[in-house]
Amino acid sequence: MIPVKGYAAQSPTTDLAPWSFERREVGPHDVQFDIQFCGVCHSDLHQIKNDWFPGIFPMVPGHEIVGKVVRVGSEVKKFKVGDLAGTGCLVDSCRHCDNCKADLEQYCLNGGSYTYNSTEQDHKTPTYGGYSNTIVVHEDFVLHISDKLDLAATAPLLCAGITTYSPLRHWNIGKGHKVAIVGLGGLGHMGVKFAVAFGADVTVMSTSPSKEKDAKKLGAHHFLVTSNPEQVKAAAGSFDFILDTVSAGHDINMYMSMLKTDGTHCIVGLPSSAIPIAPFTVVGGRKSFAGSSIGGLKETQEMLDFCAANNIVSDIELIDIKDITKSYERMLKGDVRYRFVIDIATLK
Ligand code: NAP
Ligand code: ZN
Ligand code: ZN
């Protein structure tokens, strides 16, 4: 077994603290890479707090992982020692269900293996994430990372990036579309960058008037403060597509009132509570309410290659792992500009 240093939550009520554990030896198809940077996703906080379901503890969060390959198994074809490598939210899946065969491993019908707070495909062995110094992953679930981009700023692409890229691609968003991105946080700011890159007319809908300048710098064409009823009313019936990245409960009906006829409101944010939709909201205007989860391995590589070709990375604040609890507190207040990334060198 490989000894690993990490940061773990021992229970939903304790702060993260140093914790040592072990990973499996490198198997014939495995890649081991030393982690240099790991992004901090709001899902990390949801999961250590048991917001979604009772978690597996100790829990080592982190699914925006990048670093350098240090060992490869005898059968590994796609990586060699010294390559940059990344892993997102998935470390395995059944590989034979209809969705896995269609490159949609994130919707594996037999239960995919998530990077932490989950189990390997034996459905028993717990998985541990990227707030740690090294990881072993089957080569099929390791992504190639370009050396053209800043490595720390690339880490958030592995979750925030693909989670916003995938629905924008699925709904063919591009030139001629009016798109709104709701919530300017980790996911939201990547959604803005992609929607702008795809040629859409982009509005940021935010609860934070102070983010207007940043939204424009990110490329957004318009900014709407959702706590201002006048602005909401003026935007009634104006969007083809709304990408909703909000992490807490909010009134979907208000946002859907701003969709055009046949428009789609797609949530990627995962508040823990149910979201009530008034039938009149969707019936009037034949509107759709939809959702989307991360992306498959093929699409994640496509997104990373698109980012390398178009010079797209995340706007980040690099943090010492000792400041993780403070960073969570800021994230809960919507005070992230726009993704915290842990410098794993600070993990001693
Ligand atoms: P984040 O950085 O904290 O951003 C969330 C943003 O939502 C905040 O910055 C804030 O933006 C807005 N917001 C927060 N509370 C709000 C409220 N009560 N009403 C309206 N807006 C509010 O979080 P993140 O890392 O981007 O993650 C966002 C959500 O996506 C989380 O629930 C996470 O678990 C989920 N997620 C889902 C997937 C997936 O595959 N579907 C993948 C990753 C993450 P403003 O200040 O601009 O209002
Ligand atoms: Zn995430
Ligand atoms: Zn499957």
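**Notes on the salt bridges, plus one buried isoleucine**

1. Start with the cluster: D214, E317, R330, D335 and R337 are joined in a network of salt bridges. Keep in mind that this is a predicted model, so every number below is computed from it. Counting salt bridges over the structure gives 18. As a reminder of the chemistry, side chains of opposite charge can pair when their charged atoms come close.

2. Next, a pair inside one helix. E212 makes a salt bridge with K216, and their closest N and O atoms are 3.1 Å apart. Both residues belong to helix α6, which spans residues 212-217. They sit 4 residues apart, about one turn of the helix. How accessible are the two partners? E212 is partly exposed, at 35% relative accessible area, and K216 is also partly exposed, at 38%.

3. Now for a pair from separate elements. R286 and D262 meet through their side chains in a salt bridge, with an N to O distance of 2.7 Å. This one links distant parts of the chain, the two residues being 24 apart in sequence. R286 is in the loop between α9 (279-283) and β15 (288-291), while D262 is in strand β14, residues 259-267. Is R286 buried or exposed? With 60% relative accessibility, R286 counts as exposed. D262 comes out at 44%, so that end of the bridge is classed as partly exposed.

4. D320 and K322 are worth a look too. Their side chains form a salt bridge at 3.4 Å, N to O. On the D320 side, the relative accessibility is 24%, which is partly exposed because the cut-off for buried is under 20%. K322 is exposed, with a relative accessible area of 57%.

5. Finally, away from the charged pairs, have a look at I173. Where is I173 placed? The residue lies in the loop between α4 (160-170) and β10 (178-182). I173 has a relative accessible area of 6%, so it is buried. Which residues does I173 touch once its neighbours within four places in sequence are set aside? Those contacts are L168, V179, F198, A200 and F241. For a sense of distance, take A215: the C-alpha atoms of I173 and A215 are 19 Å apart, with their positions 42 residues apart along the chain.

Notes:
Residues are numbered from 1 along each chain as its sequence is written. Chains are lettered from A and ligands numbered from 1 in the order in which they are written. This is a predicted model: local features need pLDDT of at least 70, side-chain atom pairs count only at pLDDT 80 or more; totals for chains, interfaces and linings use all residues. Side-chain values use heavy atoms; hydrogens and water are left out. A salt bridge is a side-chain nitrogen of Lys or Arg within 4 Å of a carboxyl oxygen of Asp or Glu. Buried means under 20% relative accessible area, exposed over 50%, partly exposed in between (1.4 Å probe, protein chains only). Contact means heavy atoms within 4.5 Å.
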